[in-house]
Amino acid sequence: MESGINPWSSTPDVDIARLFTDFGIEPVEEVAGALESAPAFFRRKIIVGHRDYGGVVNAINSKTHFNVMTGFMPSGHPHLGHLMVMREVVWHVEQGGSGYVAIADREAHAVRGLSWDACKKYGREYLECLYALGFTGTTYYQSENERLKDLAFEAAIRINFSDLSAIYGFSQETSLAHADSVATQVADILYPQLMGGPAPTVVPVGIDQDPHIRLTRDIAHKMRWFTVLDSGDLISVRSKNAPSHALDAVADAFPGSRRYEGHVDIPGADCISVSEKVRALEVAEGGYGFITPSSTYHSFMQGLQGGKMSSSVSDSLFWFDEPAADVKKKVMGALTGGRMTKEEQVRLGGEPDKCPVYLLNLFHMIEDDTELLEIRSACLCGSLLCGACKKATFERVKEFLSDFKERRDAISHKVVV
Ligand code: TRP
Ligand code: SF4
């Protein structure tokens, strides 16, 4: 497999350093630094990389139109492992983004074998969680969205089997519906621009979803009618497969330009403004004019027992609707970065960076950086012991879950299935 990442594997095993060097994911510090107020997932380096996120940062800062889009596969109840993406989506909506969330029931049905009814039921729970966290915007089930499915078909014209086998390791045995669910996900990511016109779009995902992002970026580019080349004194607008009326429209829009068979040359123009105008013309003439979508990549919190957090290891996480007593057992029984004996811990201090309990606080349970830092220092110097720390953490989790439940109940009616 080209990437070594399989988005359908239950245990994504990702070498982050390799992603940066081999696949052009960029470190996040520089773009995030341009945000006027960075949320915890940037400040705490939970988001480790991005593609083209700069355009979204500019849109946030200049209060111009942008989208945030993601999808959830409804293959089980939502749990702790879904919370980061949900928070990222909600934060972007709060920054002025238009929010879009897909329930990937085509994928869950085709790849995981879930019934449509089960997809409905679980999908509803994800949406409820999102609205409870403050989401507003557009949500849909893939299977019910006709415009999405048409877009997936158009996108599929540009996807061939050798792409699929190179990117995902698809083989002769892979079902057509699985391939179709990939085209549907490409369409999910482009859908906000189909509905609202070209705009920067960020897809916050775990790093295991990067293959989808790379494919979508490639397809978005292929679905454009024009490329704009800067050759010094000339800006050349090249048709990829634009209808001739669109090329005429470009020629007409730039006085002094020269129309050739497959391109229009514009002397003495500025590349960026030509690109923007051409994109608008493309849309006006019936094309898509997609802006290549961006992404951010968050790292994964390790499971409460150490190792991977996965719904197949039920002690590694908690579900949002799990009874408090069960959650308590999981938090109190979690692996820590503590020492073998109390004496040793007092003398040496604990190891918060290796501690799932600390990470649970860092990822989700403590909003205030100072409070988090105090716990970290107390752990490091041996004045905080694991028993007390876990107990305090469980109190925060309990509070979070009961508040979350209340909010879910209050907005439940907003979820239209
Ligand atoms: N494939 C994703 C998953 O396994 C779900 C998904 C569907 C998605 N459409 C999307 C994610 C669009 C990001 C953007 O969870
Ligand atoms: Fe983890 Fe808390 Fe123990 Fe430190 S004191 S190792 S943060 S559980």
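**Close-ups of a predicted model**

**View 1. Helix H7, a mostly covered helix.** Of the 18 residues in H7, 13 are buried, so to speak of H7 as mostly covered is fair by the under 20% cut-off for relative accessible area. Keep in mind that this is a predicted model. From its first C-alpha to its last, H7 reaches 26 Å, close to the 26 Å expected at 1.5 Å a residue. What comes right after the helix? H7 is followed by Gly134, and the phi of Gly134 is positive, near 115°.

**View 2. The largest nonpolar core, with Phe42 in it.** This core has 74 residues. Phe42, Tyr53 and Phe318 are the ones with the most contacts inside it. Helix H7 (residues 116-133) gives the most to this core, with ten residues. Now look at Phe42: leaving aside neighbours within four places in sequence, Phe42 is in contact with Val28, Ala32 and Leu35, and also with Ile47, Tyr53 and Trp91.

**View 3. A second, separate core.** Here you're looking at a core of 25 residues, separate from the one above. Among its members are Ala152, Phe170, Ala183 and Met223.

**View 4. Strand E4 and its two partners.** Five of the six residues in E4 (residues 98-103) are buried, and the strand is mostly covered. Which strands does E4 pair with? One is E3 (residues 67-72), paired with E4 in the parallel sense over six bridges; Met69 stands opposite Tyr100 of E4. Another is E5 (residues 138-141), which runs parallel to E4 and is joined to it by four bridges. There, Ala102 has Tyr140 of E5 as its bridge partner. As a reading aid, side chains in a regular strand alternate between the two faces of the sheet.

**View 5. The β-α-β unit from E3 to E4.** Three elements make up this unit: E3, helix H5 (residues 83-94) and E4. The unit is right-handed.

**View 6. Phe226 and what it touches.** Phe226 sits in strand E7 (residues 226-231). Is Phe226 buried or exposed? Phe226 counts as buried because its relative accessibility is 3%. Arg238 is twelve residues away from Phe226 in sequence, and the two are 5.4 Å apart in space, C-alpha to C-alpha. Not counting residues up to four places away in sequence, Phe226 touches Val237, Arg238, Ser239 and Lys240, then Ala242, Ala246, Leu247 and Val250, plus Val278 and Glu282.

Terms used
Residues are numbered from 1 along each chain as its sequence is written. Chains are lettered from A and ligands numbered from 1 in the order in which they are written. This is a predicted model: local features need pLDDT of at least 70, side-chain atom pairs count only at pLDDT 80 or more; totals for chains, interfaces and linings use all residues. Side-chain values use heavy atoms; hydrogens and water are left out. Buried means under 20% relative accessible area, exposed over 50%, partly exposed in between (1.4 Å probe, protein chains only). Helices (H or I, at least four residues) and strands (E, at least two) are DSSP runs, numbered from the N terminus. Two strands pair if DSSP finds at least two bridges between them. A crossover is right-handed if, with the strands pointing away from the viewer, the path from the first strand over the helix to the second runs clockwise. A nonpolar core is a set of buried Ala, Val, Leu, Ile, Met, Phe, Trp, Tyr and Cys residues joined through side-chain atoms within 4.5 Å. Contact means heavy atoms within 4.5 Å. The expected span of a helix is 1.5 Å times one less than its number of residues.
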